[in-house]
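Please work through the exercises below with the sequence and the coordinates open beside you, and try each task before reading its solution.

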Amino acid sequence: MRFAKFIAAVTAVLLMTGGSSVHAAYAAAELSEKAVGSAIPERYLEGKELELYRQILQNVKAISEGKQNAKTFYVSVSSPFKSTDDYEKALKKAMFFILNYTPEYNYWIDSSGSLVYDTTRCGVVYGISPAFRKFGDKDMISSDGLYEAKRAAANAQSIADLYSGRSDYEKVLGYAEEICGLNTYNRQAADDDKNGGYSQKNINPWRHIYVFDRDPSTNVVCSGYAKAFQYLCDLGGVECHYVAGTIKEGFHAWNIVVIDGVNYLVDLTACDGFPEDVSREFHPLVMNSVVSSSSESANTYFSGGGYLSTNIYKYDDNEMQYLPESLRTVSTRAYSEGGGGAVFIIIALIAVSGAVFFIIKRKKKAEDEYY
C-alpha cells in the first residue's frame, strides 16, 4: 500500500511539473554538446568507404580553409577494389556524405566535379564556384570568400551558443526561429536557376552562408534553409539529416531530426510562407503536421493563423539510397504533444523509484529478521 502511494506521489509531481520542466531536467543531465554531425557518416560507412571519406574530407577541408588548391587531389586505399566499378560506387557513397553532412567545408563546391580512378587510386576534381574563386587562380578560394565563410561560421556558432545546455527539443525550436527570422525565401534565385543556371554563377543561395552572413539582402532557397538548420544541429549535438526529394513535382530539400530515437520532419522553407510576425510564433512544419508517413513519402496537413496547406514530401531514391529506410518514416505525432522524451523520462524515474523502494524494504526486512 505504501509503495502504491509513493509511486502515485512521484507520478503526480512529475505530471504537475509539465513537459518543459522535464525537458529542462533532461537538458541538465546532458554532460556536454555532442559531435553528432561528424559522427553520422562514420555510422554508415565502413572499411574502404570510410578510408576514402576521411581522405577526401581532409582535402575538402584544406581547400575550404584556403590551404590547398582545388585541382585534382589523389586518395588511395589500403587494399585494391575488385574493380573500378566497385571503386566508383564507394567514391560516390563517400562523396554523398561529404556533400550532405559537412556544409561548413563544402560551401565552395560547384557541380563541375569529376572522378578519375583505377582500382587502388583516385583523383577527385571539384570546381570552385565563381563566387569564391580567387582572381587569376580559379582553383583557389579568394580572401573575400574565406572571410565570408569564417564570418558565417562565427555567426552560426553564436546562435548555437545561445541554446547550449538546453534539451534537443528546445534547440530545434530555437534554431528554427533564428533561421526563419534571418531569411526570406529567395524566389528570384530559384526562378533564375530554372531559366538560366543561376547556381553556376553563385551557389550561395543553395548554401548556409547566406543564412548566417547577417545581410538581409542575401537570402536562400530550400537547400540553404536545410543546410543551415543541419549546421546548427551539428554544432548543438542534435542528430539531423539533409533530405532531398520533391513537392508537387518540384525539387525540394528539408530535414529529418532524430530525438529520443524518433524521427521528425522539419521544413523551414515553409516558415517563410507566412508574414514575419507569424513565422516566429508558428512553425507548422517543425516536428509537427505530419498526418501519414512511409519509406516513400510523408504527407503533411496544417491549418492555423488563417492558413491551410497540404503537401506530399516524396523522397528521391538517389538522394536517400545510402541511408536506411527506417530513417524515412517520420512521426505523425508532434513532439510537443508528449511523444518521446517526457514519457520515457517519467517511466524511467518511476521504475528507478520503485527499484530503490524495493531495495530499502528488503534491507529493512533483513535487519528485522536479524534482530
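The exercises that follow concern a predicted model, and each task is paired with a worked solution.

**Exercise 1. Overall make-up**

Task: state how many helices and strands there are in the chain, and what share of its residues is buried.

Solution: Begin with the secondary structure, where the chain has 13 helices and eleven strands. Turn next to accessibility, by which 47% of the 371 residues are buried. Finally, consider the contacts between residues at least 6 apart in sequence, of which 63% join residues at least 24 apart.

**Exercise 2. The nonpolar core**

Task: identify which residues of the largest nonpolar core touch the most other members, and which helix gives the most to this core.

Solution: The largest nonpolar core has 86 residues, and those touching the most other members are Trp-108, Phe-229, Leu-268 and Met-287. Helix α4, residues 84-101, gives the most to this core, with nine residues. Apart from this core lies another, of five residues, which include Ala-226, Tyr-242, Ala-244 and Ala-253. For a closer view, take Leu-268, which, when residues up to four places away in sequence are not counted, touches Ala-176, Ile-179, Cys-180, Tyr-225, Phe-229 and Val-286.

**Exercise 3. Lys-227 and its helix**

Task: determine where Lys-227 is placed, what its side chain reaches, and which side chain of opposite charge is nearest.

Solution: Lys-227 belongs to helix α10, residues 222-236. Of the 15 residues of this helix 14 are buried, so α10 is largely enclosed by the rest of the structure. Lys-227 is itself buried and yet has no salt bridge, since the cut-off is 4 Å and the nearest side chain of opposite charge, that of Glu-319, is 8.1 Å away. The side chain of Lys-227 does, however, reach the backbone oxygen of Leu-99 at 3.2 Å. Leaving aside neighbours within four places in sequence, the residues in contact with Lys-227 are Leu-99, Asn-100, Pro-103, Trp-206, Arg-207, His-208 and Tyr-242. As a check on the geometry of α10, its 15 residues should span 21 Å at 1.5 Å a residue, which agrees with the 21 Å between its end C-alpha atoms. Just after α10, Gly-237 takes a positive phi of about 80 degrees.

**Exercise 4. Salt bridges**

Task: starting from a count for the whole structure, explain what the pair Lys-93 and Glu-49 ties together, and set out the burial of Asp-110 and of Arg-133.

Solution: The whole structure contains eight salt bridges. In one of them Lys-93 pairs with Glu-49, with 3.3 Å between the closest N and O atoms. Because Lys-93 lies in helix α4 and Glu-49 in helix α3, the pair ties together parts that are 44 residues apart in sequence, and both Lys-93 and Glu-49 are buried.

Within α4, Glu-88 and Lys-92 are four residues apart, and therefore separated by about one helical turn; their salt bridge has its closest N and O atoms 3.2 Å apart. Glu-88 is partly exposed at 24% relative accessible area, and Lys-92 is also partly exposed, at 44%.

A further salt bridge, at 3.8 Å from N to O, joins Asp-110 and Arg-133. Asp-110 lies in the loop between α4 and β2 and Arg-133 in strand β4, so this pair ties together parts that are 23 residues apart in sequence. With a relative accessible area of 8%, Asp-110 is buried, whereas Arg-133, at 34%, counts as partly exposed.

How values were computed
Residues numbered from 1 in each chain as written. Predicted model: local features only at pLDDT ≥ 70, side-chain atom pairs only at ≥ 80, totals over all residues. Heavy atoms only, no water. Core = buried A, V, L, I, M, F, W, Y, C linked by side-chain atoms within 4.5 Å. Buried < 20%, exposed > 50% of the residue type's maximum accessible area, 1.4 Å probe, protein only. Helix = DSSP H or I, 4+ residues; strand = E, 2+ residues; numbered from the N terminus. Contact = heavy atoms within 4.5 Å. Lys, Arg positive; Asp, Glu negative; His and termini not counted. Polar contact = N/O pair within 3.5 Å; in protein donor to acceptor, adjacent residues only side chain to side chain. Expected span 1.5 Å × (residues − 1).
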